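Me: Could you take a close look at one helix for me and walk me through how its residues are placed? I'd enjoy a connected account rather than a list.

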Amino acid sequence: MEINKNLKYLFTLIFIVIVYCFSSCQKDNAAADYARPVVEAYLIPGQALQVKVYYQKYLEDTISYGFPITGLALKVSDGTSNVSLTETKSGIYTYADANFIKDSKTYALSFSYLDKTISAQTTIPSKPANFKASSTQQEVPAMTVGSTPTTFIPVTYSWANATSDYYMLSIQNIETYPSSISRNTRLKNEVLVGQVSTYNTEAMNFSYAGNHKVLLFHINKEYNDALKNIGGNSLNLTNPSTNVINGLGIFTGLRADTLDLFVYQ
Amino acid sequence: MRRILLLFSMSCALSLSAFAQRPLKTDAVISGFFTIPMETMLDTIAKKSKIRFIYDHEMIKNIQITDQFHQEPVKNVLSKIFKSNDLHYWVESDQEIYIIKMPEDLPRLKKMALVGDSNLFYSNQHAKMDKKELPILNAKLNAEVINVKPQKKVEPFTINGKVIDQNTGESLPSAIIKVRNTNISTSTNSDGYFTILHVPSDTCTLEINYVGYRRDTYELNSENIKKEIVIGLFISVKSLNEVIVVGKKGESVMTTDKRRVSVLQISPAKLDELPNIGERDILRSFQLMPGISGSNESSSGAYVRGGTPDQNLVLFDGFTVYQVDHLYGFFSAFNSNSVKDVTMYKGGFSSKYGGRLSSVTDIVGKEGNSKEYNIGGDISLLSANLYLERPINDKSTLLLAYRRSYEGPLYNKIFNKFNTTTTSTTGGPGGGPSGGMGGPPGGGGRGGFSQTVTTPASAFYDLNAKYTYAPDQKNRFSWSVYQGNDNLDNSKTIELPSFISSGGEITNTDKTTYGNLGSSLKWSRRWTPKVYSNTLASFSTYHSNRDNSNKVTIADSLGNETELNNGTFEKNRLKDFSMKSDWEWQVKDKVKALFGVYASNQDVSYEYSQNDTSKLIDQHTKANIGGLYGEIEFSPGKNLQIKPGIRSTIYDQTGKVYFEPRLSGTYTLNDKLTLKASTGKFYQFTNRVIREDILSGSRDFWVLANGSSIPVSSAYHYIAGFSYEADKFLIDVEGYYKTLNNLSEYSQRQIGNRRTGISLEEHFYTGSGYTKGIEFLIQKTKGKYTGWISYTLAEAKNNFEAYGGEFAASQDTRHELKSVNLYHYGRWTFSATWIFATGKPYTAPLTSYTVNDYSGNARTFLTISDKNSQRLPSYHRLDISALYDLIKIDSRKIGSIGFSIFNAYNRGNIWYQQYSIVNNQVITSNVNYLGLTPNITLSLKWK
């Protein structure tokens, strides 16, 4: 049977082709890198250096933060000196010398964890220049239903930003006994304003009445990228941005200028 | 709705009241003195009158006719010879006559036809059926031929003709005509014409094959070869058990120009035998064949061999259709009642087609019945459709078809699938990324309000019209229009309760409209029997709008209303004006040339605006595409056929000329076994971009390559395979390897928030990819039980630097097994299809972590797996259906009732997963495809 013979050859050939085509190894998608530590450090000139190191959380975990990673040997170098940090609390590593962090210097963090070197680097940005406010007082009209609400008149903050750097505003209530003016309970509201040079306040920036400090932070892009919210579903998932190599989180320098603001209803 | 029902009940009543034998339509007359057996007499009459007799050989084998007629009409002759022999006849719808002794013989004969009884004989002017089925008759006829017309030597000559549907006069494209016992064969062109050169003898027999129709033969003689031959085929009845979808490869048909690689063809007339989700669906039926993914319920577009639906060119009567589906992809946009022929090229296609990387679906619309007026329609739980066809005069025909959905239970079930509002946690204190896909803005926080929700009108419709005018034998003009639209409205109006305000409401508008309007004007001309041209001017427009906005109106105690508006608006428009001229030239016996020119102007715009005022994206691109192609089909050896071709296109956005060489060939080892292979280069200039987030915007939009951020994509195909056809089954195996270059992926990220002003970042990523696979098809083609098993082993990989290198493409499916089973029992057809497919890859969150921002507010993030590194569970589902033919006593099929159950064992196949963060915990929920869904379809036609 010539036909059968032909078929047999063909099937053999096909089998060989299949084996060849599909024998390439599958990349082992290693049990994701749960091993990557989460780093959180904000470097501000004149403040003691503090670095927190956490574990990540499993998806089903209900804890607020990951468990601290203890017993690490963290080092931070400013290019000339290399200092070791001390673990003052579980997972919180500090260097007490408040003068260690200086303007415009570059700092590099490194430590080893599970046979990997975790590192990150940041430069302290310059102090914001020409930070001004259109007013030192802010009225937040009460939310009323059923009547035309009083218009919210924003306070305009402005600063010099010729080089389109990134900025962040932190609006902090400093009253000892603050009185609430909204359902929001945040004492400190943070706004990533981006690469702009003005910002108009909005009602939702204020949760409490009384004295506030408005801090304008000159930040690095890494801060903006790492902390901006991302949405996610199975069709739209992206990894959060981080400047920590072999890790997650943020190690960044900030530089602030401050104005006062009184908020009333 | 009520009107539709009324219309259908009326047509029901009308058709049922028309139970009667059909009149015998023939003007033929019989003259002469006969002393011959009845069977020979019937053959004689059949030849003269173009009537086909069906009879039991046993019943009339001993009857002898001795009679004389002079210019006697056939009707009288039949009356006379039957009466004197105590016989009766029954005229069928398609001029077939059953010879019976008593009324019970009619069903008996039909049953014999059903089981293929060898005693059942057929006769007509071009004789009988298959040789094997009718040994005696064939022998007899052959003997007669030999006796009456002794073979004389003639020079090889040329014949030309046309293949039509015997009932409606509709021309049949891609029918195969073969000269029996030779390897000469050809196929009809898009208007049903064919030419065969070098026919060796005027006593040859032609064998004609067309999917969904009875195989037929036509005997040449010295007279009929002189003029155009018109061969009328009959729609196959279930007795012949032809399969609905046939892998029409080179197979046993030893064609000189019909051996094609990776081609599938479908007969819409027989689609109702397959289970459906509400509609007979042309494009979905292809998904049961190997190489075309069957596990994408939300897309009736074709994922061919690892390609995406936008890489599949869909042509309807020559113009490109950009929106091929309705209702978020659940139904294809083509009304099967207006479609004559659908051919899909899975790869390595001819240089006649271009502009897409993966495949071509060529749909030819019906021209309409040229013989009589007809009206018909279907009604199902989802939609109703109505068609009308009629000859306007003896030179022109008209077809109109309209289909519209109504908001029945099935429609709502599918609609809601796409519009479920998921409650999501948004970034409160300690909150994280807004989880899930969220609903439309304003979707949350409604609890507790007494809602007055309006029911918006939401529907799809499509309309087909075709007018064909054939002033003479050589020219043919046709004008075809297609319009399809979807209006999907998920808007809600919620009235605010009085304890909140003195009055007011929240209106959430969520309206998606999309559709396609296309039209073509075609002029076909047969210059000489060897030269044929098809010139076409067409336009096609596509539009897609999405309005997702909120309007809040609050009235104070004085009745003053305050209005707040916000939302997003998207608009995508595409206009395509095209001209093309395709030519066929039968140069020599075994050489045929195809060539043509084409030009098109495309205009694409995409707008994304916020709050009706600020346009975040406003793109507008115009492009001109033009070019020419040529292809030669020739057979250097007896068994080898090669088709080299080239296509060159100039694209003004890049100013470059793109050459696409193509080559395909087949080699016939013997009667049953054919080897085949093809390769080629393919370019694509227009891409459809899929948005990542399927609920918060229009799901996709078309863009034109610009050579920079969106490059012109290209592909190489390498295909090889064989097919083996035995009497009752067919085995077809094809392997493919496809490389893809300059693929584009798009993502849109909203930056900032309402406080800072929103801007959109657009990212176009460019990468490459490859797909490879092997497809097996085993098909049982005859008997009461028919069907096939298809298996595809495949891999589709993409490589994008932006995603960190190589990853499985989103449509990658390793194994796909499909089993299609049809069983015919009397008027019933039972079918069951089972599909199994490896789960699709997806990207999943692996862990979460929380950090405080500088101000001390906790923010939670998800870490994500490598792109598409996870797999959803396997997809499988069983669909079953039963179809009962409504047949009048004269056995005309006037309709059918179909019952089908989609996803019979209610498998929860996962469509996608969504995530939300609740109390620091990441909650994963699955969004499933349709569960068990029953449907009933009633189809009726007037004639």
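Reply: Happy to! Let's start with the surroundings: in this predicted model, the buried residues of helix 4 of chain B pack against strand 1 (29–37), helix 2 (38–49), strand 3 (64–73) and strand 4 (88–91) of chain B. Helix 4 itself covers residues 74–83, and its buried residues are B:Val74, B:Val77, B:Leu78 and B:Ile81. Viewed down the axis of helix 4 of chain B, these buried residues fall within an arc of 95°, so they line one face of the helix. The general geometry is a helpful reminder here: an α-helix has 3.6 residues a turn, so residues three or four places apart point the same way.

Now turn to the other side of helix 4 of chain B, where B:Asn76 and B:Lys83 are exposed. The cut-offs behind these words are simple: a residue is buried if 20 or more other C-beta atoms lie within 10 Å of its own, and exposed if 12 or fewer do. With that in mind, the picture of helix 4 of chain B comes together: B:Val74, B:Val77, B:Leu78 and B:Ile81 are buried, and the elements they pack against include two from before the helix in numbering, strand 1 (29–37) and helix 2 (38–49) of chain B. B:Asn76 and B:Lys83, by contrast, are exposed on the other side of the helix.

Terms used: Residues are numbered from 1 along each chain as its sequence is written. Chains are lettered from A and ligands numbered from 1 in the order in which they are written. This is a predicted model: local features need pLDDT of at least 70, side-chain atom pairs count only at pLDDT 80 or more; totals for chains, interfaces and linings use all residues. Helices (H or I, at least four residues) and strands (E, at least two) are DSSP runs, numbered from the N terminus. The arc is that of the directions from the helix axis to the C-beta atoms. Two residues are in contact if their C-beta atoms, placed from the backbone, lie within 7 Å.
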